[in-house]
Amino acid sequence: HAPAGLGLAQGAGQHNESSKIYEYVRSGLPVVSEQPVPNNRIIEESGLGYVAEFMNDRHITDLLVKAVNNDWDRRAAIDYMLEHQTWDSRVSVYDSIISRHFCAA
C-alpha cells in the first residue's frame, strides 16, 4: 500500500541491478532510485518515477514527495513492462546474441 518505492544504490559504482525496480514499475508503483543503479533506464523508459542524485538526501526526499503527488499514467508503465520487460522478451535479446555469435556456421 505504499505510495512510492525507493531504490538506493549500494555505492558510487553499482554493477548489479535493483530487482525491486522491475517489481515496482510492473505493479504500477512509481519509484525513485539513485543514479548508480544500472537499471534506472526502466524508470525513464516506463515514465513511472525519477532518478535522484547519488547520496543527495534532499534530492531523494524532494523526488519522493513529487512521486507521491504526481498523477502518473500507471497503466502505460505496466503495459511497457509487459511489452519490453517480461522474461520472454529479455531472453530473446540473449537468444539473438547467442545465435549470432555462437551458432553461425
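Read from the N terminus, the elements of the chain follow the order β-α-β-α-β-α-α-α, which gives five helices and three strands in the chain. The model is a predicted one, and the C-alpha atoms of the chain fill a box of roughly 55 × 30 × 20 Å along the principal axes.

**Chain as a whole**

- Of the 105 residues in the chain, 37% are buried, while the accessible surface of the chain comes to about 6,700 Å², with 53% of that area belonging to carbon and sulfur atoms.
- When contacts between residues at least 6 apart in sequence are considered, 48% of them join residues at least 24 apart.

**Packing of H1 with H4**

- Helix H1, which covers residues 19-26, packs with helix H4, residues 74-84, at an angle of about 125 degrees, and their axes lie 8 Å apart.
- Because the angle falls outside the ranges for roughly parallel, roughly perpendicular and roughly antiparallel, H1 counts as oblique to H4.
- On the H1 side the contact involves Tyr22, Val25 and Arg26, which meet Ala77, Ile78, Met81 and Leu82 in H4; by class, the residues of this contact comprise six nonpolar, one charged and no polar.

**Asparagine 39**

- Asparagine 39 is located in the loop that runs between strand S2 (31-34) and helix H2 (41-46).
- Its relative accessibility is 0%, so asparagine 39 counts as buried, the cut-off for that class being under 20%.
- With neighbours within four places in sequence left aside, asparagine 39 is in contact with Glu17, Ser18, Ile21 and Tyr22; Tyr22 also belongs to the H1 residues that meet H4.

Technical notes:
Residues are numbered from 1 along each chain as its sequence is written. This is a predicted model: local features need pLDDT of at least 70, side-chain atom pairs count only at pLDDT 80 or more; totals for chains, interfaces and linings use all residues. Side-chain values use heavy atoms; hydrogens and water are left out. Axes are lines fitted to C-alpha atoms, for helices over the stretch in contact, and angles run from 0 to 180 degrees between N-to-C directions. Helices (H or I, at least four residues) and strands (E, at least two) are DSSP runs, numbered from the N terminus. Angles under 35 degrees count as roughly parallel, over 145 as roughly antiparallel, 65 to 115 as roughly perpendicular and the rest as oblique. Contact means heavy atoms within 4.5 Å. Ala, Val, Leu, Ile, Met, Phe, Trp, Tyr, Cys and Pro count as nonpolar, Asp, Glu, Lys and Arg as charged, and the others, Gly among them, as polar. Buried means under 20% relative accessible area, exposed over 50%, partly exposed in between (1.4 Å probe, protein chains only). Accessible areas come from the Shrake-Rupley method with a 1.4 Å probe; for residues, only the protein chains shown count as cover.
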